[in-house]
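Got your viewer open? Let's take a walk through this protein, one selection at a time.

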Amino acid sequence: MKLDGFHGQVGFGKRPALVVVDMSVGFTAAESPLHCDLEPVVEAIERLLVVVRAARLPVVYTTVAYDEAAKEKARVFIDKVPALLTLEAGSRFVEIDPRLAPKPGEPVVTKLFASAFYGTTLASLLMAQQCDGVIVTGASTSGCVRATAVDALQHGYRVVVPREAVGDRNPSAHEANLFDIDAKYGDVLPLEAVLEQLDRFALAEVRAR
């Protein structure tokens, strides 16, 4: 179902960045209380990383981590979601899943709340790289992915979400939030369509050398 007057197409922009939201061990490891079933998401992001790096487009990761000062700042959020205390600063749970490990020069932005933009340097990093679009991936669809997509739009970025590259604990919430993002905030596209467009960026990069 599509709504009349919604679901317009915003596209990728001229220079999109890949934003990998919270694919830390705390969300991918089965022993974590924050665990999501993200195995297919990991595989999808692995494929995206190969093509994005070939196109020499920026990659930015986020992780959530709380030291004592951060716990106080995010006290209400933690009261609502006590499982967030798993994400202790310096623990293995805040490290990016090794299968998606950042390459040298790919920043990892630490955040305390849902959006990758709120209280972080993400907007400055994207501006410095002259980005006009973001490809949002990671977890969870109904939480940090959605919040990041909304804030990206509000910062003036064109938003693309590869459907297979985001995941959630709740399948119904996952689908409902993908519908909302596609209706109002960005383009939700099949992974293969995103890879095809990124291949065009990679080809243009090769030709420009």
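Here's a question to start with: which residues of β4 are on one side and which on the other, and are they buried or exposed? Select strand β4, residues 133-139. On one side you'll find Gly 133, Ile 135, Thr 137 and Ala 139, on the other Val 134, Val 136 and Gly 138, and all of them are buried. Buried means under 20% relative accessible area, exposed means over 50%, and partly exposed is in between (1.4 Å probe, protein chains only). Strands here are DSSP runs of E with at least two residues, helices are runs of H or I with at least four, and both are numbered from the N terminus.

Before moving on, some housekeeping. This is a predicted model, where local features need pLDDT of at least 70, side-chain atom pairs count only at pLDDT 80 or more, and totals for chains, interfaces and linings use all residues. Residues are numbered from 1 along each chain as its sequence is written, and side-chain values use heavy atoms, with hydrogens and water left out.

**Stop 1: the neighbours of β4**

Add β1 (16-21) to your selection. Six bridges join β1 to β4, and the two run parallel; strands count as paired if DSSP finds at least two bridges between them. For one example, click Ala 17: its bridge partner in β4 is Val 134. Now add β5, residues 158-162, which also runs parallel to β4 and is joined to it by three bridges. Here Ile 135 has Val 160 as its bridge partner.

**Stop 2: just past the end of β4**

Go to the peptide bond from Ala 139 to Ser 140: it is cis, with omega near -15°. Ser 140 sits in the loop between β4 and α6 (141-154). Why stop here? Because most peptide bonds are trans, and most residues other than glycine have a negative phi.

That second habit has exceptions here too. Select Gln 130, in the loop between α5 (122-128) and β4. Gln 130 is not a glycine, yet its phi is positive, about 55°. With a relative accessible area of 66%, Gln 130 is exposed. Then try Arg 56, in the loop between α2 (39-54) and β2 (59-64); its phi is also positive, near 55°.

**Stop 3: Phe 201**

Jump to helix α8 (residues 191-208) and pick out Phe 201. Its relative accessible area is 15%, so Phe 201 counts as buried. What does Phe 201 touch, leaving out residues up to four places away in sequence? The list is Phe 12, Gly 13, Lys 14, Pro 16, Ala 55 and Leu 57, where contact means heavy atoms within 4.5 Å. Try a distance label as well: the C-alpha atoms of Phe 201 and Ala 54 are separated by 8.7 Å, although the residues are 147 apart along the chain.

**Stop 4: out to the surface**

Select Met 1, Leu 3 and Phe 6, which form a nonpolar patch on the surface. Met 1 is in the segment before β1, and is exposed, with a relative accessible area of 79%.

**Zoom out**

Finally, show the whole protein: eight helices and seven strands. Of its 209 residues, 51% count as buried. The C-alpha atoms fill a box of roughly 50 × 45 × 30 Å, taken along the principal axes. Among contacts between residues at least 6 apart in sequence, 79% join residues at least 24 apart.

Notes:
Patches are made of residues with over 30% relative accessible area and no salt bridge: like charges are joined within 9 Å, nonpolar side chains (Val, Leu, Ile, Met, Phe, Trp, Tyr) within 5 Å. Accessible areas come from the Shrake-Rupley method with a 1.4 Å probe; for residues, only the protein chains shown count as cover. A salt bridge is a side-chain nitrogen of Lys or Arg within 4 Å of a carboxyl oxygen of Asp or Glu.
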